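Biologist: Please take a close look at one part of this chain for me. I would like to understand its largest nonpolar core, and how that core fits with the domains around it.

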Amino acid sequence: MFDYLIVGAGFAGSVLAERLATYSNKKVLIIDKRPHIAGNAYDHYNEDGILVHKYGPHIFHTNSKEVFEYLGQFTEWRPYEHRVLASVDGQQVPMPINLDTINKLYGLSLTSFELDKWFESVAEKVPMVKTSEDVVVSKVGRELYEKFFKNYTRKQWGMDPSELDKSVTSRVPTRTNRDDRYFTDTYQAMPLHGFTKMFEKMLDHPNIKIMLNTDYHEIIDVIPFKEMIYTGPVDEYFDFKYGKLPYRSLEFKHETVNKEVFQPVAVVNYPNEQLYTRVTEFKYLTGQQHPKTSLVYEFPRAEGDPYYPVPKPENAELYNQYKKLADATPNVHFVGRLATYKYYNMDQVVAQALTLHKKLTEKEKIAVPV
Ligand code: FAD
Ligand code: UDP
């Protein structure tokens with residue numbers, strides 16, 4: 001009899017497996033329908049011996065000391081600050097939009113102070129910022145919105161930014177200084193030997209058994225357990241009772257080229273002129289030295305593995321119906337990006353899983369008074 005069956009060996013499932021096994025001394029079975037652990041953060045050495053991320057670029061960044069130190073038990077870190085260029089009007093310019101982006105794009109030599117005024121002069125007045133279009137046009141005006149955001153977002157999400165919640169484009173700031181880092185979090189680093197190695201260490205405990213290539217439906221009636229942690233899509237768990245929750249998918253085209261460096265930074269975004277959204281060169285993320293270099297192109301898709309919950313009001317309403325069902329399901333705990341239908345980064349999922357572990361520990365203390 002296992003204390004816990006954990007469905008999904010991504011960040012949500014693996015953090016809970018580790019905490020329950022190590023801290024709470026529980027017997028845990030963690031399963032995944034994929035042939036590997038680490039969920040979407042899975043990385044591996046390809047046929048040329050280059051470390052690549054199978055499901056697109058994963059860059060770790062967080063403001064949470066707790067999350068950073070927690071994961072630091074299972075990996076050494078390699079300091080890494082992420083930089084992105086956007087291919088616009090035949091030039092590659094810094095993204096997020098900053099002072100150099102504007103000066104390069106328009107052949108100007110504005111100062112930060114002047115750029116502030118310039119943004120004010122082009123920004124559109126939006127009485128209430130609600131959508132992903134509002135966020136951008138109210139800060140940098142329609143022309144930059146059209147060059148950098150409109151088509152990228154339409155491609156990535158299959159809908160206009162005006163239909164998407166403001167939280168989507170709010171992920172990307174605008175700057176009047178020359179800071180060209182994609183993120184400004186306190187902790188920015190990559191696991192020195194990769195994500196999968198970090199997960200291996202996390203799950204290496206006598207209380208944890210791992211079963212791969214296994215959908216939970218295949219074993220749920222034959223393997224006894226007391227409680228379940230579920231990290232797959234929440235609508236699927238309830239047999240789509242209220243209808244399908246929309247998820248956006250991607251097709252990843254991996255490629256290795258016979259030269260040492262392909263592009264000037266880790267990621268180049270292509271808002272307008274290509275069918276893909278961005279190209280990532282992995283060696284920037286991993287720090288690996290190799291005479292060849294590996295890339296991934298991301299092609300957004302409506303069908304395929306569910307990668308992105310789609311933040312818009314009617315989807316939030318549909319999710320709330322599923323959440324009510326989830327909350328009323330005894331002994332099953334829903335956690336992670338798919339099971340709580342939240343566009344979470346890795347660190348947010350780790351924090352959510354650590355919080356659930358604390359809740360389970362509290363519950364037990366109340367249930368079994370000493
Ligand atoms: P997942 O990693 O999706 O794990 C869920 C697991 O459950 C999967 O392995 C799945 O196979 C398994 N599963 C589902 N259903 C079943 C079933 N029926 N039976 C058995 N197993 C099942 N975050 C960042 O912080 N930085 C980034 O740079 C970043 N880049 C990203 C790039 C892309 C292209 C994508 C898609 C996401 C990115 N993220 C990034 C987000 C990050 O991937 C997630 O926050 C994180 O991986 C979520 O972990 P999870 O455990 O909730 O879900
Ligand atoms: N975005 C854009 N142009 C860009 C980069 C981002 O329009 O060059 C928008 C797009 O809608 C994207 C969102 O901002 O989905 C969030 O970008 P982020 O880089 O955080 O996306 P993720 O890495 O999560 O795919």
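Modeller: Start with the domains of this predicted model. The C-alpha centres of domain 1 and domain 2 lie 34 Å apart. Five residues from domain 1 and seven residues from domain 2 make the contact. On the domain 1 side, three of the touching residues are nonpolar and two are charged, with no polar ones. As for the bounds, domain 1 is assigned to 2–81 + 188–248 + 306–367, and domain 2 to 95–171.

Now the core. The largest nonpolar core holds 83 residues. Ile-6, Leu-16, Ala-17, Val-28, Ile-30, Phe-148 and Ala-353 have the most contacts inside it. Helix α5, residues 132–157, is the top contributor, giving 10 residues. Both domains take part: the core draws at least three residues from domain 1 and at least three from domain 2. In soluble globular proteins, nonpolar side chains tend to be buried together.

Look closer at Phe-148. Setting aside neighbours within four places in sequence, Phe-148 is in contact with Ala-86, Val-88, Met-95, Ile-97 and Pro-271.

Step back to the whole chain. Of its 370 residues, 38% count as buried. Among contacts with a separation of 6 or more, 73% link residues 24 or more positions apart. The secondary structure comes to 11 helices and 17 strands. The radius of gyration is 22 Å, close to the 21 Å from the globule rule for 370 residues, so the chain is as compact as a globular protein of that length. Along the principal axes, the C-alpha atoms fill a box of roughly 70 × 50 × 40 Å.

Note on methods. Residues numbered from 1 in each chain as written. Chains lettered and ligands numbered in written order. Predicted model: local features only at pLDDT ≥ 70, side-chain atom pairs only at ≥ 80, totals over all residues. Domains from an automatic or database assignment. Contact = placed C-beta atoms within 7 Å. Nonpolar A, V, L, I, M, F, W, Y, C, P; charged D, E, K, R; others polar. Core = buried A, V, L, I, M, F, W, Y, C linked by C-beta atoms within 7 Å. Buried ≥ 20, exposed ≤ 12 C-beta atoms within 10 Å, placed from the backbone. Helix = DSSP H or I, 4+ residues; strand = E, 2+ residues; numbered from the N terminus. Rg over C-alpha atoms; globule rule 2.2 N^0.38 Å.
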